[in-house]
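Here are my notes on the model, as numbered points. Please read them with the structure open.

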Amino acid sequence: MISRVRVWLNRTYAENVFFMDQLRRNPGDRAVEIHATHGDPDSPVLAAADTAELEPEGLSPAAYVEYALTQCERRGIDVFVPRLHQAAIVAHRAEFEAAGTALLAPPPEAVAVFHDKVIAYEAVQAIGVPVPPWWRVRSADELVAVVDELEARGYRACFKPASGAGGVGFRVITRAPFSLTQLSGFPSPYVPLGLVLDALREAEEPVDWLVMPRLEQPEVSVDCLTGTDNRIRLAVGRTKNGRRRGFTLHEQWLEPARRIAEGFGLHHLSNIQFRMLGERPVLMDVNTRPAGGLHQLSLCGLNVPWAAVRLALGEDPGEMTPPFLGQDYTVVSGPRPLLPVTLPQQHADVPTAALGAVPAPARSVEARTATGART
């Protein structure tokens, strides 16, 4: 009898309730038990898991590794999908393997390259992948000089933290003064240059920003599954253009993504994002983790989370190509159950409605949590 697989997701995005759903609906009908931990007791991933715990707050990366090892040993975890403190965790891969746990994450060298966007851009540029012009900025004077240069080239300047994920801290700079225009609609990423400069000059600590041209749509996120032999098993692009989403296998997106994933050893799941600079695609970002929207590939007949778990367990799924490309779709919010206010250490399975992506006559609609979709 084939034993069940025990998978742990730590402090992951709300959208990964769909990742968990796909693990349970695996094509081999293998039993999967999911453990989830989070700092927010109202995270829907806790309610979706078979067992759940609140994570302790304030742990250093080193202390978190000890906490994670204890979880793996106590819970009998077969595959650990780390998001929080990924860099510290993968540096201790041998200790997790000794505890019987496989890490579904790249090696520490690959994680280190893509933790800092400046280092990442330099590294991928060296292997021939196009990147946008960029500057590292730490002061108001540096920002003014870069914005002037970008605008002289005909670009609109934007900035984001040199390290970070999920679009946190992304802003677009405008010369328009702050006015009721900024207060009459929904909050936008546009910020007046004068306000940014004032904030920088009053700040007690320097910032560390990457400043570049505002890139244009479409945005294409290439989901990659890569073996420990540095060979791609799967690469499929998910396109975004406003509300409209779709899929692509065009080599202008897939070829540079493969070059990055294989060249830097982005083992297991990664997500490599591109946008347009003029008429050509350029790299926007590289995530060394499963994308929040990975489950959308189910619209192409793929169960990528399960293939990744199999690969982590040493069961090579082989090269995968989608049997078809799903029709265009959009994403909408939908309800997911939460745990009672008091979080139990273990709880029975919570019955949930099937809220994954479903086809409609004109498009496919995918339920997502109200926290917003991630790539």
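1. In what order do the five strands of the open parallel sheet stand? The order is β3-β2-β1-β4-β5, and the pairing is parallel. β3 (51-54) and β5 (102-103) are the edge strands with a single partner each, so one side of each has no neighbour in the sheet. As for terms, helices (H or I, at least four residues) and strands (E, at least two) are DSSP runs, numbered from the N terminus, and two strands pair if DSSP finds at least two bridges between them.

2. A word on the basis. This is a predicted model, in which local features need pLDDT of at least 70 and side-chain atom pairs count only at pLDDT 80 or more, while totals for chains, interfaces and linings use all residues. Residues are numbered from 1 along each chain as its sequence is written, and side-chain values use heavy atoms, with hydrogens and water left out.

3. Within the parallel sheet, strand β1 (residues 5-10) is joined to strand β2 (residues 32-38) by six bridges. One of the pairings is R6 in β1 with E33 in β2. In general, strands of a sheet pair through backbone hydrogen bonds, either parallel or antiparallel.

4. Two helices lie across this sheet. α1 crosses β1 and β2, at about 165° to β2. Helix α11 (residues 304-312) lies across β1, β2, β4 (79-81) and β5, at about 110° to β1. Axes are lines fitted to C-alpha atoms, for helices over the stretch in contact (heavy atoms within 4.5 Å), and angles run from 0 to 180 degrees between N-to-C directions.

5. Is helix α1 (residues 17-24) mostly covered or mostly open? Mostly covered: seven of its eight residues are buried, namely V17, F18, F19, M20, D21, Q22 and L23. Buried means under 20% relative accessible area, exposed over 50%, and partly exposed in between (1.4 Å probe, protein chains only).

6. A second open sheet has five strands in the order β6-β10-β7-β8-β9, with mixed pairing. Its edges are β6 (135-137) and β9 (190-192), each with a single partner strand, so one side of each is left without a neighbour. From one strand to the next the twist averages 35°.

7. In the mixed sheet, strand β7 (residues 157-161) and strand β8 (residues 171-174) run antiparallel and are joined by two bridges; C158 has V172 of β8 as its bridge partner. Helix α9 (residues 193-202) packs on the sheet, touching β7, β8, β9 and β10, and makes about 70° with β9. α7 lies across β6, β7 and β10 (209-213), at about 50° to β10.

8. Strand β14 (residues 268-277) pairs with β15 in the antiparallel sense over seven bridges. M276 stands opposite P281 in β15. The hairpin has two residues between the strands, and G278 takes a positive phi near 70° there. β15 is mostly covered, with seven of its eight residues buried.

9. I272 lies in strand β14 and, at 0% relative accessibility, counts as buried. Leaving aside neighbours within four places in sequence, its contacts include V220, V222, I260, L283 and V286.

10. How many cavities of 30 Å³ or more does the structure hold? There are two. On a 1 Å grid over the protein atoms alone, a cavity is a set of points where a 1.4 Å probe fits but cannot get out, and a pocket is an open set with protein on both sides within 12 Å along at least five of seven lines; lining residues have an atom within 4 Å of a point. Grid points are joined across faces, edges and corners, and a volume is the space filled by probe spheres set on the points.

11. The largest cavity holds about 70 Å³ of space. Its lining includes F19, V81 and R83. The second largest cavity has about 40 Å³ and is lined by F114, K117, A120, Y121, L283, D285 and V286.

12. The second largest pocket holds about 520 Å³. It is lined by 22 residues, with R83, Q86, H115, G164 and A165 nearest its centre. α4 (86-90), α6 (108-115) and β15 (280-287) each supply at least two lining residues.
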